[in-house]
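User: I would like to go through this model and ask what its labels rest on. Please set each value against its definition.

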Amino acid sequence: MRVDIISIFPEYFAPLDVSLVGKARERGILEIRLHQLRDWTHDVHKTVDDTPYGGGPGMVMKPEIWGEAIDAVIAQAGPAASPRMIVPTPSGRPFTQETAIEYAEEPWLLFTPARYEGIDSRVAAEYGSRLRVDEVSVGDYVLAGGEAAVLVIVEAVGRLLPGVLGNARSVADDSFAPGSMANLLEGPVYTKPPTWRGREVPEILLSGHHGKIARWRRDQALRRTLEKRPELVARLDPAGLDKDDRKI
Ligand SMILES: COc1cccc(COC(=O)c2cn[nH]c2)c1
C-alpha cells in the first residue's frame, strides 16, 4: 500500500517511523510519502490560507495551493491509477473499524489534513469528480489540524495489512471486528503473575476449559459494552453471540 500525506507540518508524521507502522514500512508492506504543502506556494511568505468569504472567525486554506499539490501527487501514478483521497474533518462520516478494513484494501491512499477552519470546499468538489474523496471524522471534537487524525487512521489501517501484526494476533478478535465481536467491546485481559498485589486472575481463565472461557469472555464483553457503550447493545445480533462457542 502506498500512502501520500500533504501537510504544512510533515514533521508531525515522525511517529509513523516507529513501532508497527515503522516495521511495515521497512518490510515494504507500506510506503509513506510526505509532502510539504508550502512547496506549491508562489509568494515569499508561502501563504496557504486567507480570510473566509462571508466573514466569520479564523482562516480558510486556499484552493489553488491544494489543487497544485494534489495534482502533483496524483500525477505520480503509483500502484493504482488514482488514490482514494481522505480528508479528516469534524464534519465527516464517522471513521470506524469497518472504514479501516475498507481502507486496508486500497492500493493507494492520499491524506489531505487541514489546518485553520478547513480547506476551501471547492477542492473536495473538484477532486470528487475524479477520485473517491472521503471526508471522515475520527471523533466529535475539533482538533487544531487533521494531522493527528491522519496518524490515527494510518495506524488503524496499517495494523490490518497482512504481515504487520504477528501471526499470533488475529484482527478478527478486535473490538468492533465484524462477526461475533461486532458492536462488542473487548473484555478484561490478564497475564502472569497469577497473583499481583493480592489480586487474583479470574479462576476460569486458568481452567483450560476453552468453551467456558469463550463464554466468560463474551459475557465480560457484554457487561463492559452495557456499562460503557449501552447504545451499541441495541445493535447486537443475539444469534451471533453464540457463534464462536466451542462445543464443550
Ligand atoms: C477539514 O476541516 C477541518 C476543520 C477543522 C479541523 C479539522 C481537523 O480535523 C478535526 O478536527 C477532526 C477530524 N476528525 N475529528 C475531528 C479539519
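User: Where does Arg 197 lie?

Analyst: Arg 197 lies in the loop between E8 and strand E9 (199-200). The model is predicted: local features need pLDDT of at least 70, side-chain atom pairs count only at pLDDT 80 or more, and totals for chains, interfaces and linings use all residues. Residues are numbered from 1 along each chain as its sequence is written, and side-chain values use heavy atoms, with hydrogens and water left out.

User: Why is the stretch 199-200 called a strand?

Analyst: Helices (H or I, at least four residues) and strands (E, at least two) are DSSP runs, numbered from the N terminus. E9 covers 199-200, so it meets the minimum of two.

User: What is stated about the phi of Arg 197?

Analyst: Arg 197 has a positive phi of about 50 degrees, although it is not a glycine. Ser 19, also not a glycine, has a positive phi of about 55 degrees; Ser 19 belongs to helix H1 (residues 19-26).

User: How much confidence does the predictor give the protein?

Analyst: The mean pLDDT (the predictor's confidence in each residue, from 0 to 100) is 92, and 95% of the residues reach 70 or more. Where pLDDT is low, predicted coordinates should not be read in detail. The scores are ipTM 0.97 and pTM 0.92.

User: What makes the pair formed by Val 138 and the ligand a polar contact?

Analyst: A polar contact is a pair of N or O atoms within 3.5 Å; within protein, one must be able to donate a hydrogen and the other to accept it, and residues adjacent in sequence count only if both atoms are side-chain atoms. A backbone N or O atom of Val 138 is 2.9 Å from a ligand nitrogen atom, so the pair qualifies. For Gly 139, a backbone N or O atom is 3.0 Å from a nitrogen atom of the ligand. A polar backbone atom of Leu 143 is 2.7 Å from a ligand oxygen atom.

User: How many residues surround the ligand?

Analyst: There are 15, and Val 138, Gly 139, Tyr 141, Leu 143 and Gly 146 are the closest. A residue counts as near if one of its heavy atoms lies within 4 Å of the molecule.

User: Which residues joined by a peptide bond have an omega of about 5 degrees?

Analyst: Lys 192 and Pro 193 do, and the bond is cis. Pro 193 sits in the loop between helix H5 (147-158) and strand E8 (195-196).
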